[in-house]
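Student: I have a structure open and want to go through it with you. Can we start with one residue and work outwards?

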Amino acid sequence: SDWSSDVCSSDLELDVRSAAALRQVLFYEQDRYTLDTDTCPSRIQEIRGIIVELDNQIEEALKNETTDT
């Protein structure tokens with residue numbers, strides 16, 4: 001398996017702050033690359049997939065926080 005699927009596994013439990021911090025670092029890493037998937041390195045495409053997964057996890061955690069209060 002590639003490292004992105006390992007990072008995105010449900011075994012990785014991050015609190016919202018940690019997930020947001022990780023997302024920010026990954027966003028800055030990929031931001032200078034083109035959005036064209038034909039010329040963008042696969043590593044950057046994997047990072048973008050992780051960002052989407054982190055966004056989903058953060059959104060779900062925040063949704064759960066608001067319903068728990």
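**Helix contacts and charges**

Tutor: Let's start with L54, which lies in helix α3. Keep in mind that this is a predicted model.

Student: Is L54 buried or exposed?

Tutor: L54 is buried, with a relative accessible area of 3%.

Student: What does L54 touch, leaving out residues up to four places away in sequence?

Tutor: L54 touches L14, A19, L22, R23 and L26. The C-alpha atoms of L54 and A20 are separated by 7.6 Å, and the two residues are 34 apart along the chain.

Student: Which residues make up the largest nonpolar core?

Tutor: That core has 9 residues: A19, L26, C40, I44, I47, I50, I51, L54 and I58. Helices α2 (16–30) and α3 (42–68) are the elements that give two or more residues to this core. The largest share, 6 residues, comes from α3.

Student: Any general background for that?

Tutor: In soluble globular proteins, nonpolar side chains tend to be buried together.

Student: Which residues of α3 are buried?

Tutor: In α3 the buried residues are I44, I47, R48, I50, I51, L54 and I58.

Student: Why would residues three or four places apart point the same way?

Tutor: An α-helix has 3.6 residues a turn, so residues at that spacing point the same way.

Student: How far does α3 reach?

Tutor: α3 has 27 residues and reaches 39 Å from its first C-alpha to its last, close to the 39 Å expected at 1.5 Å a residue.

Student: And L62, where is that?

Tutor: L62 is also in helix α3. L62 is partly exposed, with a relative accessible area of 39%. From C-alpha to C-alpha, L62 and V16 are 7.7 Å apart in space, while in sequence they are 46 residues apart.

Student: Back to that buried list, which has an arginine in it. What is the nearest side chain of opposite charge to R48?

Tutor: The nearest one is D31, at 6.7 Å. A salt bridge needs a side-chain nitrogen of Lys or Arg within 4 Å of a carboxyl oxygen of Asp or Glu. R48 is buried yet has no salt bridge.

Student: What does the side chain of R48 reach at 3.1 Å, then?

Tutor: The side chain of R48 reaches the backbone oxygen of Y33 at that distance. Leaving out residues up to four places away in sequence, R48 touches Q30, Y33, T34, L35 and C40.

Student: C40 was in the core too. What is C40 in contact with?

Tutor: Apart from its neighbours within four places in sequence, C40 is in contact with Y33, T34, Q45 and R48. Y33 and T34 are also among the residues that R48 touches.

Student: How many salt bridges does the count come to?

Tutor: The count comes to 3 salt bridges. One of them is between D55 and R23, at 2.4 Å from N to O. D55 lies in helix α3 and R23 in helix α2, so the pair ties together parts that are 32 residues apart in sequence.

Student: How accessible is D55, and how accessible is R23?

Tutor: D55 is partly exposed, with a relative accessible area of 29%. R23 also counts as partly exposed, at 22% relative accessibility.

Student: Which residue forms a salt bridge with R32?

Tutor: E29 does, with the closest N and O atoms 4.0 Å apart. The side chains of E29 and R43 also meet in a salt bridge, at 3.1 Å from N to O. The E29 and R43 pair links distant parts of the chain: E29 is in helix α2 and R43 in helix α3, 14 residues apart.

Student: Which residues are linked in a network of salt bridges?

Tutor: E29, R32 and R43 are linked that way. In that network, R32 is exposed, with a relative accessible area of 64%. E29 is partly exposed at 29%, and R43 is partly exposed at 35%.

Student: Now zoom out. What pattern does the protein follow along the sequence?

Tutor: The pattern is α-α-α, with 3 helices and 0 strands. Of the 69 residues of the protein, 17% count as buried.

Student: And the contacts with a separation of 6 or more, what share comes from residues 24 or more positions apart?

Tutor: Residues that far apart account for 60% of those contacts.

Technical notes
Residues are numbered from 1 along each chain as its sequence is written. This is a predicted model: local features need pLDDT of at least 70, side-chain atom pairs count only at pLDDT 80 or more; totals for chains, interfaces and linings use all residues. Side-chain values use heavy atoms; hydrogens and water are left out. A nonpolar core is a set of buried Ala, Val, Leu, Ile, Met, Phe, Trp, Tyr and Cys residues joined through side-chain atoms within 4.5 Å. Buried means under 20% relative accessible area, exposed over 50%, partly exposed in between (1.4 Å probe, protein chains only). Helices (H or I, at least four residues) and strands (E, at least two) are DSSP runs, numbered from the N terminus. Contact means heavy atoms within 4.5 Å. Lys and Arg count as positive and Asp and Glu as negative; His and the chain ends are not counted. A polar contact is a pair of N or O atoms within 3.5 Å; within protein, one must be able to donate a hydrogen and the other to accept it, and residues adjacent in sequence count only if both atoms are side-chain atoms. The expected span of a helix is 1.5 Å times one less than its number of residues.
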